There are 2 protein chains.
Amino acid sequence: MNKHVQWLKKNKLKVTPARMKMLDILENTEGLLPAEEIFLKLKDELPNVSLSTVYRSLEQLCNNDIVSAVNIEQKKEVHYELAHKHHAHHLICLSCGKVIHLHDCPVHGYADKMGEKHGFNITEHKLDLYGYCPACQ
Amino acid sequence: MNKHVQWLKKNKLKVTPARMKMLDILENTEGLLPAEEIFLKLKDELPNVSLSTVYRSLEQLCNNDIVSAVNIEQKKEVHYELAHKHHAHHLICLSCGKVIHLHDCPVHGYADKMGEKHGFNITEHKLDLYGYCPACQ
DNA sequence: CTCAATGCAAATCCTTTGCATACCT
DNA sequence: AGGTATGCAAAGGATTTGCATTGAG
């Protein structure tokens with residue numbers, strides 16, 4: 001029984017072809033995908049899937065922290081990725097949209113300090129860097 | 001001639017009542033406002049304004065770096081604030097939406113390092129902290 | 001068998017656009 | 001005057017929802 005099946009079962013989600021293939025697609029993607037692109041890739045294997053299945057599945061997967069939704073600055077659609085990739089931050093090319101995952105995080109100490117200063121209980125943070133990749137400069 | 005008029009003239013934007021009042025609204029707001037709320041506040045003073053004027057003005061103001069558009073994680077609409085407030089980062093309450101502007105930035109050295117490592121020319125970054133404010137905890 | 005998951009179409013929300021008119025400079 | 005800005009209504013794109021059907025456990 002593979003990892004994806006385990007994730008789904010642990011959260012009492014049914015193991016359906018659509019969900020399994022969506023997880024495969026996300027697993028094999030370096031970067032972020034909008035719902036529409038997940039839908040298109042998914043249709044290659046399941047010609048009858050509907051966009052609403054993609055949205056509903058993503059919602060479930062996000063609710064169970066299997067997938068994370070990311071708002072990319074300057075883009076209107078939400079992008080998705082596997083949650084276990086998301087402890088990282090992003091380096092995003094403003095021209096071609098390429099995304100690199102960064103695994104260092106310089107923010108934790110700062111977050112603690114600011115939380116204390118303003119009386120906030122800080123639960124998460126988002127850090128993304130924007131610029132131009134080697135190919136687009 | 002006040003500051004807002006100067007900003008508009010410097011960018012060859014016409015000084016209209018709608019734009020002036022929008023800048024006042026943003027100036028007097030601690031935090032971020034979605035277009036719809038700007039529209040509602042604006043209507044108190046200019047009952048005939050239309051939402052499209054708000055969107056079109058915001059677009060102009062953003063293009064000229066007078067206003068910045070911010071994507072808040074987990075919210076679908078774009079939020080706006082005066083750009084000169086935006087050199088800061090945000091501390092956002094997940095419950096009531098309150099926004100505190102943070103003026104320290106722990107990211108610059110990190111951004112330079114990551115840009116160099118991946119060959120990116122980094123032009124901007126976004127850092128927001130999310131949590132619960134004292135009142136909402 | 002039972003309820004969650006799906007497909008399809010229609011609805012909704014936020015934002016943008018076309019066009020005629022009004023207004024700043 | 002001349003072009004920008006505006007109002008109104010209609011269009012658009014992304015996402016959500018209602019309802020009947022299918023399928024996983």
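## DNA strand C

A polar backbone atom of B:Val15 sits 3.1 Å from a phosphate oxygen of DNA strand C. This is a polar contact (a pair of N or O atoms within 3.5 Å; within protein, one must be able to donate a hydrogen and the other to accept it, and residues adjacent in sequence count only if both atoms are side-chain atoms). The model is predicted: local features need pLDDT of at least 70, side-chain atom pairs count only at pLDDT 80 or more, and totals for chains, interfaces and linings use all residues. Residues are numbered from 1 along each chain as its sequence is written, chains are lettered from A and ligands numbered from 1 in the order in which they are written, and side-chain values use heavy atoms, with hydrogens and water left out.

Two further contacts involve DNA strand C. A backbone N or O atom of A:Asn48 is 3.2 Å from a phosphate oxygen. B:Lys14 places a polar side-chain atom 3.1 Å from a base oxygen. In total, 23 residues surround the strand, each with a heavy atom within 4 Å of it. The closest are A:Thr16, A:Arg19, A:Thr53, A:Arg56 and B:Tyr55. Of the strand C atoms within 4 Å of the protein, 69% belong to sugar or phosphate.

Helices H2 (17–27) and H4 (51–63) of chain A, and H4 (51–63) of chain B, each supply at least two residues of this surface. Helices here are DSSP runs (H or I, at least four residues), as are strands (E, at least two), numbered from the N terminus. H4(A) gives the most, with five residues. The surface has eight nonpolar, eight polar and seven charged residues. Ala, Val, Leu, Ile, Met, Phe, Trp, Tyr, Cys and Pro count as nonpolar, Asp, Glu, Lys and Arg as charged, and the others, Gly among them, as polar.

## DNA strand D

Around DNA strand D there are 22 residues, the closest being A:Tyr55, A:Val78, B:Arg19, B:Thr53 and B:Arg56. Sugar and phosphate make up 62% of the strand D atoms that come within 4 Å of the protein.

A:Tyr55 has a polar side-chain atom 2.3 Å from a phosphate oxygen of strand D. A polar side-chain atom of A:Arg56 is 3.2 Å from a base oxygen of this strand. H4 of chain A, with H2 (17–27) and H4 of chain B, each give two or more residues to the surface near strand D. H4(B) gives the most, with five residues.

## Interface of chains A and B

Here 37 residues of chain A contact 37 residues of chain B, with contact meaning heavy atoms within 4.5 Å. The buried area is about 3,400 Å², and carbon and sulfur atoms give 62% of it. Buried area is the accessible area (1.4 Å probe) that two parts lose on being put together, summed over both. A:Tyr110, A:Phe120 and A:Lys126 supply 21% of the area that chain A buries against chain B, more than any other three residues.

Two salt bridges link the chains. A salt bridge puts a side-chain nitrogen of Lys or Arg within 4 Å of a carboxyl oxygen of Asp or Glu. A:Glu73 and B:Lys126 form one (2.7 Å, N to O). S6(A) provides the largest share of the side of chain A that touches chain B, 12 residues.

## A:His101

A:His101 belongs to strand S5 (residues 99–102) of chain A. A:His101 counts as buried because its relative accessibility is 11%, where buried means under 20% relative accessible area (1.4 Å probe, protein chains only). Its side chain makes a polar contact with that of A:Glu81 (3.3 Å).

Definitions and conventions. Buried < 20%, exposed > 50% of the residue type's maximum accessible area, 1.4 Å probe, protein only.
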